[in-house]
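Please open the structure in a viewer and keep the sequence at hand. The tour below proposes a series of selections and describes what is found at each.

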Amino acid sequence: MDTQTMEDGLMARQISRVESRRGVIRNLSAPQGSRLFAKEQSVENLSRAARESKILNRESYIAIAAARDGKNSDFKNFISICGCPSCTLRRESFSDKNLRADAPDCAWRAGSGSLNLNSESSCANPPAAKNSHRKALILSDSRKGHENQSIAFCELRGLEFCICKIAYANKFLKLCSYALDFLGLYFKIFKCDLGGGGIAADYKNGSNLNSSALNSSVAPNGTNSNAVSYSASLDAASDRNLNFADFDLFVGAGSTTYYALKFYARRYAKPSIALMYPKGYRKDFSVIIAGAHDRPKPRANLKISPVSLSFSRPQGLYKPQRKAVGFIVGGPNSCFEMGDEILNQIEGVRAQFVDCEFALTTSPRTPRATESALEKLGWDYSVIYSREPVNPIGDFLAQCEWVFISEDSVSMISEAASNGSASVAILSLKRKDAHNKFDDFISALVSTGHARRYDEALKKTAKYDLKAFVREIKI
């Protein structure tokens with residue numbers, strides 16, 4: 001028998017004697033000829049409860065219970081048995097650290113080196129509950145339409161969530177993200193910002209759309225003009241205060257988020273959920289949810305929806321006094337122009353619903369001339385976005401009999417087709433091309449009875465069940 005084997009046997013017998021005397025060490029199952037070593041674990045608040053610490057030996061485990069406050073000699077004996085002079089039990093205070101409000105003021109700790117108070121195994125910041133996929137981190141590019149799709153996914157899925165802003169310091173770094181992704185290389189070449197006020201601060205503790213702060217600031221198909229600030233200290237602080245390992249999955253929409261989505265999903269071995277079709281990047285996300293109008297190529301991890309993800313609820317901005325008809329007006333884009341044709345259609349609709357009251361909202365893209373012309377028609381309720389940037393669409397969908405929407409916005413039409421109770425009709429615009437992606441999108445909704453065109457018979461429309469679609473996706 002060699003010297004090493006004798007040392008191993010002596011070590012095992014010592015541990016066995018400590019077990020019989022003190023009852024500290026449980027489930028001694030390792031063979032005498034095995035080499036034991038301790039895997040350092042956090043020991044949390046010994047004055048309150050015992051924690052398990054693991055001794056790894058291939059497939060064998062020794063579970064030990066930490067001693068209570070003032071009676072830690074057994075745990076010290078165990079450390080000394082391991083034969084490691086650096087394994088000392090010490091009390092570390094972190095009352096002045098930036099931690100969660102419910103964290104204790106101090107912890108007992110074995111080993112040398114600094115205590116990472118926000119690490120995955122830190123006793124001050126324990127991992128999230130092990131319920132399957134219950135907490136999501138949304139990576140946002142600060143574009144409101146993209147961010148709202150991510151929020152909608154979490155709401156429809158029943159997830160708690162936080163929002164982290166993602167951006168690149170310059171266009172070159174974003175261009176590099178495409179090349180690095182092609183090569184399968186992932187580095188932190190982007191900036192992340194959890195704080196700085198606004199939505200990131202509002203949702204830092206995992207709250208959700210129950211806060212009115214979100215919907216009240218979201219305009220139809222609008223964007224968030226708040227710039228993300230950057231500095232090395234901000235980036236370091238964001239990573240230190242946010243425990244990425246606590247999240248069960250990562251969600252993102254928009255090209256700015258896709259590389260970061262892969263970076264964090266790979267680093268923490270968690271699912272990545274890409275919303276919209278990630279053009280230019282490899283399609284090896286855990287799940288991709290794309291609209292049918294993007295014409296994505298079939299893949300095993302691709303889920304195709306006839307509408308964009310949305311989640312809408314009334315904000316209390318509009319309460320009709322009788323039957324109501326709502327009008328949601330967008331603006332010109334790469335496919336459409338906006339002129340007098342929208343005004344003529346609105347006047348025609350109003351003539352058909354003479355016994356109803358009328359409500360209007362414009363959007364950030366609505367031309368000022370169109371807004372001025374619409375104001376002259378007279379309304380029971382109206383939002384002119386250039387003067388009052390609020391979003392009453394949720395109220396329109398819940399309170400109106402019908403909503404009429406200009407055909408220039410996939411997001412607004414999707415929201416109307418899958419939320420509330422109002423029937424949906426589409427107002428046409430002057431087009432720049434004979435055929436575009438909006439035509440296919442709207443035609444699909446009309447064929448399934450989820451929308452009507454203005455010039456068709458106005459029969460009531462059905463709602464697409466987005467919640468069922470999202471919850472059936474296996475992650």
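Which residue in β18 is the bridge partner of Val325? Select Val325 and then β18: the partner is Trp402. The model shown is a predicted one.

**Stop 1: the strands around β18**

Select β14 (324–328) and β18 (402–406). These two strands run parallel and are joined by 4 bridges. Next add β19, residues 423–427. β18 and β19 also run parallel, with 5 bridges between them. Trp402 serves here too, since its bridge partner in β19 is Ser423.

Now colour β18 by residue. Its side chains point in two directions: Trp402, Phe404 and Ser406 go one way, Val403 and Ile405 the other, and all of them are buried. The strand is accordingly listed as mostly covered, with 5 of its 5 residues buried.

**Stop 2: the whole sheet**

Extend the selection to the open sheet of 6 strands, in the order β17-β16-β14-β18-β19-β21, with parallel pairing. The edges are held by β17 (381–383) and β21 (452–453); each has a single partner strand, so one side of each is left without a neighbour in the sheet. For β21, follow the contact to β19, where the two strands pair in the parallel sense over 2 bridges. Select Ile426 to find its bridge partner in β21, Arg453.

Then display helix α12, residues 410–418, which packs on the sheet and touches β14, β18 and β19. The direction of α12 makes about 165° with that of β18.

**Stop 3: helix α12 and its surroundings**

How many of the 9 residues of α12 are buried? The count is 8, and the helix is mostly covered. The buried residues are Val410, Met412, Ile413, Ser414, Glu415, Ala416, Ala417 and Ser418. To see what covers them, show β14, β18 and β19 together with the helices α11 (393–399), α13 (437–447) and α14 (466–471), which are among the covering elements. Just after α12, select Gly420, which takes a positive phi of about 70°.

While α13 is displayed, select Lys437 and Phe438: the charged end of Lys437 sits over the ring of Phe438, 5.7 Å from its centre.

**Stop 4: the nonpolar cores**

In soluble globular proteins, nonpolar side chains tend to be buried together. The largest nonpolar core here has 73 residues, of which Phe153, Ile289, Val325, Phe327, Val403 and Phe404 touch the most other members. Select Phe327 and show its surroundings. Leaving aside residues up to four places away in sequence, Phe327 touches Ile346, Val349, Arg350, Phe358, Ala359, Leu360, Thr361, Trp379, Phe396, Phe404 and Leu427.

A second, separate core contains 29 residues, including Phe190, Cys192, Phe247 and Tyr258. Select Phe247 and then Lys135: the charged end of Lys135 sits over the ring of Phe247, 5.0 Å from its centre.

**Stop 5: strand β10**

Lys135 belongs to the next selection, strand β7 (residues 135–140), which runs parallel to β10 and is joined to it by 4 bridges. Within this pairing, Leu137 stands opposite Phe250 in β10. Strand β11 (residues 272–275) also pairs with β10 in the parallel sense, over 4 bridges, and Val251 stands opposite Ile273 in β11.

Are the residues of β10 buried or exposed? In β10, 5 of its 5 residues are buried. Leu249, Val251 and Ala253 point one way, and Phe250 and Gly252 the other way.

**Stop 6: the aromatic cluster**

Finally, select Phe190, Phe244, Phe250, Phe263, Tyr264 and Tyr268, which ring pairs link into a cluster. The model contains 20 aromatic pairs. One of them is formed by Phe244 and Tyr264, which are stacked at 4.3 Å centre to centre with 10° between the planes. This pair links distant parts of the chain: Phe244 lies in the loop between α7 (232–241) and β10 (249–253), and Tyr264 lies in helix α8 (residues 255–267), 20 residues apart. Both Phe244 and Tyr264 are buried.

Tyr264 also forms an aromatic pair with Phe263, and this one is edge-to-face: 5.0 Å centre to centre, with 80° between the planes. Phe263 is buried, as is Tyr264.

How values were computed:
Residues are numbered from 1 along each chain as its sequence is written. Side-chain values use heavy atoms; hydrogens and water are left out. Two strands pair if DSSP finds at least two bridges between them. Contact means heavy atoms within 4.5 Å. Axes are lines fitted to C-alpha atoms, for helices over the stretch in contact, and angles run from 0 to 180 degrees between N-to-C directions. Rings of Phe, Tyr and Trp (its six-membered ring) pair if their centres lie within 6.5 Å; planes under 30 degrees apart count as stacked, over 60 as edge-to-face and the rest as tilted. Buried means under 20% relative accessible area, exposed over 50%, partly exposed in between (1.4 Å probe, protein chains only). A charge sits over a ring if NZ of Lys or CZ of Arg is within 6 Å of the ring centre and within 35 degrees of the ring normal. A nonpolar core is a set of buried Ala, Val, Leu, Ile, Met, Phe, Trp, Tyr and Cys residues joined through side-chain atoms within 4.5 Å.
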